[in-house]
Amino acid sequence: MELDLSPRLPKKVYGVDGGSYFAWCPEELPMLRDGNIGAAKLALEKYGLALPRYSDSSKVAYVLQGSGTAGIVLPEKEEKVIEIKKGDSIALPFGVVTWWFNNADTELVILFLGETHKGHKAGQFTDFYLTGSNGIFTGFSTEFVGRAWDLDETIVKKLVGSQTGNGIVKVDASLKMPSPRKGDREGFVLNCLEAPLDVDIKDGGRVVVLNTKNLPLVGEVGFGADLVRIDGHSMCSPGFSCDSALQVTYIVGGSGRVQVVGADGKRVLETHVKAGALFIVPRFFVVSKIADSDGLSWFSIVTTPDPIFTHLAGKTSVWKALSPEVLQAAFNVAPEVEKAFRSKRTSDAIFFPPSN
């Protein structure tokens, strides 16, 4: 069966006045199921609250737009109340309980990418809500709830029945929500727009990589992530993951062209991408991107905590390492053609600015 790697937009799962939750479906993007990858977006309007929940999957959250507050509770730890803003990355290991709140006029939009190999359904996240019409209290009898928390039946009925919202609610403006606490961001959040750059090529592109040094919880999540930004008409050189990692890519901004080449030298994807689209590059497949005039930026996860990539252009490419005679024979070309090929791209960059 032919692979369908076409970029997809998410579908709305549920939503109310306070906001909406969107997800990419394995039925439309089969690589999610094949790679055990989940992808979703949360969009909160002003005073929108995403009710406390935990998930069956470890994730990385990336704030695409706006600002707000997040509550994070690791197992048997105190709650962290964190200010979040555009560009923030947050590692969310198994067992973490979170809530999200927007008190600003601008919509708060958060991307979630993660693995589902331990989840209930391959290729999609399953959230378990602590409160609301589908919260865990609603499944227990009043007797069980009352005995567990030492409450009388009247209080139990109020706890279980008062919140009729599902997943997302809009709180009254008069309700004072928790304020972010100084120091709570440390070790939990990395802002990819402000962090030191791991790669910086003039007029080419920039990369920030999430790792255990700049975001310790990445080690517990079990996979890596990065934010890549390339300038107008620049190119991200062809490359592949040489440790069997899938690349899951969400287009954050701008637009551009993408080509992916798979087994037997077949081009399996040639497409134009723009903000909001998500696509997956299978293991060992080679991918390259060229930005339009407005540049191109993407946030990616790779399904291993310490990915190894091989780039096929530039000073450190495999072509520079191979013997000239081998290349002549392999390409079946004259020495001067091989020499011209080898002499180009002598820098060790992975981003190539447009030619003058």
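**Group meeting: the space inside and the core around it**

Okay, so let's start with the empty space: this structure has 1 cavity of 30 Å³ or more. Quick housekeeping: this is a predicted model, where local features need pLDDT of at least 70 and side-chain atom pairs count only at pLDDT 80 or more, while totals for chains, interfaces and linings use all residues. Residues are numbered from 1 along each chain as its sequence is written, and side-chain values use heavy atoms, with hydrogens and water left out.

What's a cavity here? On a 1 Å grid over the protein atoms alone, it's a set of points where a 1.4 Å probe fits but cannot get out; a pocket is an open set with protein on both sides within 12 Å along at least five of seven lines, and lining residues have an atom within 4 Å of a point. Points are joined across faces, edges and corners, and the volume is the space filled by probe spheres set on them.

The largest cavity comes out at about 160 Å³. Its lining has 16 residues, and the closest to the centre are Arg53, Ser55, Lys59, Thr98 and Asp127. Two elements give two or more residues to that lining, strand 4 (48–55) and strand 9 (97–101); strands are DSSP runs (E, at least two residues), numbered from the N terminus. Strand 4 gives the most, with 3 residues.

Now the pockets. The second largest has a volume of about 280 Å³. Val13, Tyr21, Ala23, Gln124 and Phe125 are the closest to its centre, out of 16 lining residues. Strand 1 (11–16), strand 2 (19–23), strand 3 (37–44) and strand 11 (127–129) each give two or more residues to this lining.

On to the packing. A nonpolar core is a set of buried Ala, Val, Leu, Ile, Met, Phe, Trp, Tyr and Cys residues joined through side-chain atoms within 4.5 Å, and buried means under 20% relative accessible area (1.4 Å probe, protein chains only). The largest core has 78 residues, and Leu42, Ile84, Trp100, Ile110 and Leu278 have the most contacts inside it. It takes at least three residues from each of domain 1 (11–132) and domain 2 (192–352), with bounds from an automatic or database domain assignment. Apart from it there's another core of 8 residues, including Trp99 and Phe101.

Last, how many residues of each domain are in contact with the other? It's 25 from domain 1 and 22 from domain 2, where contact means heavy atoms within 4.5 Å. The domain centres, taken over C-alpha atoms, are 27 Å apart.

Definitions and conventions
Helices (H or I, at least four residues) and strands (E, at least two) are DSSP runs, numbered from the N terminus. Buried means under 20% relative accessible area, exposed over 50%, partly exposed in between (1.4 Å probe, protein chains only).
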